[in-house]
Amino acid sequence: MSQIKVLSDTLISQIAAGEVVERPASVVKELLENSLDAGATQCTVEVEQGGMKLIAVRDNGNGMEPEDAVMAFTRHATSKIASVDDLFNIHSFGFRGEALAAIASVSQMTLRTRQSAMNAGSEVVFEGGILQSKGAVGCPPGTEILVRNLFFNTPARKKFLKAETTELSHIVAVVSHLALDNSAVGFVLTHNGKQLISVPPESTKIARFAAIIGKKMVEEVLPVSFVTPSITINGFIGKPGAELASKRHQYLFVNGRDVTDPLVARAVIDAYGSRLPGRTYPMFVLHIEITPSEVDVNVHPRKLMVKFLDTQRIYRDVSQAISQALVAYEQRGVSMPVAHETQAPSPTFFVPQASLGMNYAPSANAQTFAATTTIRTVECLAQLANSYLLVADEQGLALVDQHAAHERIMYESFKHRAELASAHTQQLLVPLTVECSREESFFLTDALEHLTKMGFEFDTWSGGTFVMRACPASLKTENLEKIFRAFLDEVSSERVHKTILPEKLLKSLACKAAVKFGMPLTHQEQQELLTKLAQTPNSSTCPHGRPTSVVVSFDELERRFYRRK
Ligand code: ADP
Ligand code: MG
């Protein structure tokens with residue numbers, strides 16, 4: 001008997017769903033793209049339990065005829081292309097005709113749609129890809145799609161879903177990205193009944209940028225505008241000195257498609273050149289418009305990438321566009337901050353005094369240190385390359401990595417404060433306003449409890465604004481904004497699991513607050529760093545596990561100088 005069978009359409013769709021529908025956020029992306037393709041000017045997304053229980057997308061677009069409402073769920077059914085030539089002249093998001101069929105095959109799905117000229121709308125209900133009912137229904141013009149219990153019939157896939165907050169953060173990212181490029185369309189996102197995003201249709205891209213990424217970020221960016229007959233590149237890039245610790249604020253839209261492209265990212269970084277300090281990333285929002293035949297959009301099932309036909313030209317045009325923007329900014333006579341100066345917080349060292357439960361400032365206590373016994377065992381001889389402290393130790397010569405060492409000191413200090421909770425809170429004289437992007441404000445809300453335990457106090461305002469009223473006593477207030485921004489950027493982009501959030505917060509705070517590698521320290525500061533290191537628990541490594549010092553013992557020296565065998 002023949003072993004080979006043709007798979008059923010439902011099973012084929014479920015297999016295809018594996019590529020198209022990775023997680024709830026992919027459903028939101030596909031449905032919103034359909035709404036935009038249908039000419040919607042207002043899109044509302046309502047999700048419950050990170051989209052795992054419910055995703056509802058409503059739009060005021062063109063709607064569908066009753067026949068199409070069912071047809072739309074057939075695999076490879078699309079109104080957007082008709083021939084292979086069309087593939088190279090695509091002006092819509094969709095073209096594969098796969099999304100509705102794929103989503104329907106792994107969920108319980110209801111579609112209600114009405115064209116404005118029709119008296120009534122149509123409703124179709126699918127479960128696991130099988131049509132359950134269809135009929136007329138009263139509904140407003142446009143389309144409403146409800147997706148319930150995603151992966152209810154594919155438990156193996158369901159197991160791969162992450163925590164509710166992780167899935168939600170992916171959804172927030174999808175809506176933010178689409179909202180950034182479609183400024184004329186209003187977007188609303190609610191989760192478990194709480195509104196997370198609400199932006200009205202806007203007339204300019206900069207207004208939308210401010211609404212999604214934050215009003216304050218507008219001051220940190222430069223406009224990019226580069227036009228040739230074959231390509232238009234416009235958008236915004238971060239000013240030199242406003243670079244970030246992660247790639248999170250890098251948005252690229254190619255003919256309106258939200259994609260990532262390593263070549264474009266490279267071209268941007270190369271254009272910044274030495275303006276960009278090591279291990280930092282420029283922010284950019286770039287909208288590239290090129291002739292559709294110059295770009296293949298059919299290279300990724302979830303349409304997350306495109307393929308440029310002439311990659312060299314794209315590299316050249318993007319780097320030129322960015323260079324021009326940077327040079328124009330510099331020539332306007334705006335003094336350019338030296339990158340490493342803006343990065344490094346001035347050194348302030350804090351000693352975790354577990355028994356006393358207090359910290360003290362170095363200048364006032366320099367004398368106190370010299371009275372201590374530790375100073376006789378560690379004497380700083382010099383600073384090497386603004387990075388290493390050369391130390392005369394009882395065992396020999398020690399080389400201390402100043403950043404790693406201070407990172408450990410700060411880490412233990414923060415940890416200690418976190419344990420002692422609000423006892424070490426310091427009220428800010430001038431409260432600090434932190435404007436957040438949607439993702440950041442989502443993360444901040446989520447992490448608020450942990451931050452409070454560490455000594456922060458926030459007032460939450462609507463529209464992604466947080467007002468910091470107090471911070472841990474050990475965080476130097478002068479650099480507070482920079483340190484906090486960098487930290488927020490890192491934790492929100494990494495989407496860390498809630499349980500390791502406190503640990504992550506401690507590590508990033510310690511890293512950002514620690515004196516940098518390459519930073520000159522006065523002799524007094526060098527000495528204080530060593531003294532505090534000697535009083536700090538776990539002082540042999542930094543919080544990431546790197547050693548804080550390397551010792552060349554007298555034994556070793558004697559062997560090297562052939563004084564002994
Ligand atoms: P594609 O977008 O690739 O065409 P989909 O499976 O996403 O494939 O959608 C199938 C078809 O259903 C679309 O081509 C479109 O005609 C119709 N459709 C889907 N969503 C909407 C919507 N929100 N408004 C109007 N028509 C829609
Ligand atoms: Mg589609």
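Q: How far does a polar side-chain atom of Thr78 lie from an oxygen atom of ligand 1?
A: A polar contact is a pair of N or O atoms within 3.5 Å; within protein, one must be able to donate a hydrogen and the other to accept it, and residues adjacent in sequence count only if both atoms are side-chain atoms. For Thr78, the distance between the side-chain atom and the ligand oxygen is 2.5 Å. Polar backbone atoms also take part: one of Gly97 is 2.7 Å from an oxygen atom of ligand 1, and one of Phe95 is 2.9 Å from an oxygen atom of the ligand. The protein covers 92% of the 540 Å² of accessible area that ligand 1 has on its own (Shrake-Rupley method, 1.4 Å probe; for residues, only the protein chains shown count as cover).

Q: On what basis should these values be read?
A: The model is predicted, with local features requiring pLDDT of at least 70 and side-chain atom pairs pLDDT 80 or more, while totals for chains, interfaces and linings use all residues. Residues are numbered from 1 along each chain as its sequence is written, chains are lettered from A and ligands numbered from 1 in the order in which they are written, and side-chain values use heavy atoms, without hydrogens and water.

Q: Which elements give two or more residues to the shell around ligand 1?
A: They are α2 (24-37) and α4 (99-105); helices (H or I, at least four residues) and strands (E, at least two) are DSSP runs, numbered from the N terminus. The ligand has 19 residues around it, and Asn34, Thr78, Ser79, Lys80 and Gly97 come nearest (near: a heavy atom within 4 Å of the molecule or strand). By class, seven are nonpolar, eight polar and four charged. Here Ala, Val, Leu, Ile, Met, Phe, Trp, Tyr, Cys and Pro count as nonpolar, Asp, Glu, Lys and Arg as charged, and the others, Gly among them, as polar.

Q: What is the strand order in the open sheet of five strands?
A: Two strands pair if DSSP finds at least two bridges between them. The order is β9-β10-β13-β11-β12, with mixed pairing. Strands β9 (221-227) and β12 (257-259) form the edges, each pairing on one side only. Neighbouring strands are turned by 15° on average, direction ignored. Within the sheet, β10 (231-238) and β13 (284-290) are antiparallel over seven bridges, with Ile231 opposite Ile290.

Q: At about what angle to β11 does helix α6 run?
A: Axes are lines fitted to C-alpha atoms, for helices over the stretch in contact (heavy atoms within 4.5 Å), and angles run from 0 to 180 degrees between N-to-C directions. Helix α6 (164-181) lies across β11 (250-254), β12 and β13, at about 55° to β11.

Q: Which strands make up the open sheet of three strands?
A: The order is β19-β21-β20, with antiparallel pairing. β20 and β21 (465-472) share four bridges, and Asp459 stands opposite Val467 in β21. Helix α15 (438-454) packs on this sheet, touching β19, β20 and β21, and makes about 20° with the direction of β21.

Q: Where is His76 placed?
A: Most residues other than glycine have a negative phi. His76, in the loop between α3 (66-71) and α4, has a positive phi near 60°. Ala385 likewise has a positive phi, of about 55°, and lies in the loop between β16 (378-384) and β17 (388-393).
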